[in-house]
Amino acid sequence: MILSEIFLSDVLINFAAGIGIAIPLLYLNVRVARPLGLIDWPKARGVTEHQVPIVGLSLVLLTLGALLLFGENYGVSSWFICTAAVIAVMGVIDDRRPLAAMDKIFFQVICAVVVVSMDPNVNAAITEPFGMTGAVLAILFIVGLTNAVNFIDGIDGLAGLVLFAGFSGLLLYSSAYRNFSTYSWVTSFMMGMLIPFFYLNVFRRKGFLGNTGSYFFSFVSAVMHLSLPIEAGSISGRLAVSSLCFIVPIADATMVILVRLSSLRSPFRADKGHLHHRLVQSSIPLRVILGNFAIISGMSVVTGGF
């Protein structure tokens, strides 16, 4: 009981800190987004008709600061922090001037290979119990999830919602392992940051995560999920537990890729077949859409917990 009360207290403190620190930085990010070239411009496949500041950079810098604060002395490896920083830089470049799909995949694969090979937590949780097969599938999981979340970042609130669900699962699972209390602290801090972002994104419509935010947070979440020593009989069963926390983006990415391949198109060729495009065309109110996805995501997270 004492441990659970201490854990809950730490989580709430970090959650509140995430909210309080993110609010002023998000609004500062809105002001400096245009000079930095971080603007989401209206485009043919987009769902907005006006310029929207990309505010994911401020949240990314806050998270990197939190990871650096804890560092290796608290169980966060430098390999994890460095690869996450590379992904963030790639996202910033892509937001300023779109990169080719294969160039982004290249950097993502390199970062995934490095973190799976060198991060001691991922090694202990994945490579040691499941061998080379586990390592390869872990790399595919990281790269796949990084792109799946980015795919779905097309309507207000959806990317924030799926990331919040993924962090919720991470917080739930990590609470069972005392050695991973640092991950619980960082996760609750990131969840707190998403609250003011969600308000800014959905209710004020003044900010997007952008590729900077969606690539970075999905990569960080994927690595942290794989770092947990969750017991499983096979690597597929182990990955299924974490995948349940991201059921919406994974389902969307799977559907889109299968449709493109079935029509003999490249899976990297963008179109308007994503889930958010179909939802916009359905004329269903945004809050109803987000509410339903919140229920689906919540049920999936709880299912994974069992």
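Select K104 to begin: this residue is buried, with 14% relative accessible area. The model is predicted, and everything on this tour is computed from it.

**The salt bridge**

Keep K104 on screen and add D94. The two side chains form a salt bridge, with N and O 3.2 Å apart. The partners come from distant parts of the chain: K104 sits in helix α4 (residues 101-118) and D94 in helix α3 (residues 78-96), 10 residues apart. D94 has a relative accessibility of 3%; because the cut-off for buried is under 20%, D94 is classed as buried. There is one salt bridge in the structure, so no second one needs to be looked for.

**The start of α5**

Next, select D119 and N121. D119 acts as the cap at the N-terminal end of α5, where one of its side-chain oxygens is 2.9 Å from the backbone nitrogen of N121.

**The kink in α5**

Now show residues 120-152, which make up helix α5. Where is the kink in α5 centred? Go to G131: the kink there is about 140°. Then pick the C-alpha atoms at the two ends of α5. They lie only 31 Å apart, whereas a straight helix of 33 residues would reach 48 Å at 1.5 Å a residue.

**The nonpolar patch**

Finally, select I21, L25, L28, V32 and L36, and turn on the surface. These residues make a nonpolar patch with a joint accessible area of about 360 Å². I21, one of them, belongs to helix α1 (residues 2-32). Its relative accessibility is 38%, which makes I21 partly exposed.

Conventions:
Residues are numbered from 1 along each chain as its sequence is written. This is a predicted model: local features need pLDDT of at least 70, side-chain atom pairs count only at pLDDT 80 or more; totals for chains, interfaces and linings use all residues. Side-chain values use heavy atoms; hydrogens and water are left out. Helices (H or I, at least four residues) and strands (E, at least two) are DSSP runs, numbered from the N terminus. The expected span of a helix is 1.5 Å times one less than its number of residues. The bend at a residue is the angle between axes fitted to the seven residues ending there and the seven starting there. A polar contact is a pair of N or O atoms within 3.5 Å; within protein, one must be able to donate a hydrogen and the other to accept it, and residues adjacent in sequence count only if both atoms are side-chain atoms. Patches are made of residues with over 30% relative accessible area and no salt bridge: like charges are joined within 9 Å, nonpolar side chains (Val, Leu, Ile, Met, Phe, Trp, Tyr) within 5 Å. Accessible areas come from the Shrake-Rupley method with a 1.4 Å probe; for residues, only the protein chains shown count as cover. A salt bridge is a side-chain nitrogen of Lys or Arg within 4 Å of a carboxyl oxygen of Asp or Glu. Buried means under 20% relative accessible area, exposed over 50%, partly exposed in between (1.4 Å probe, protein chains only).
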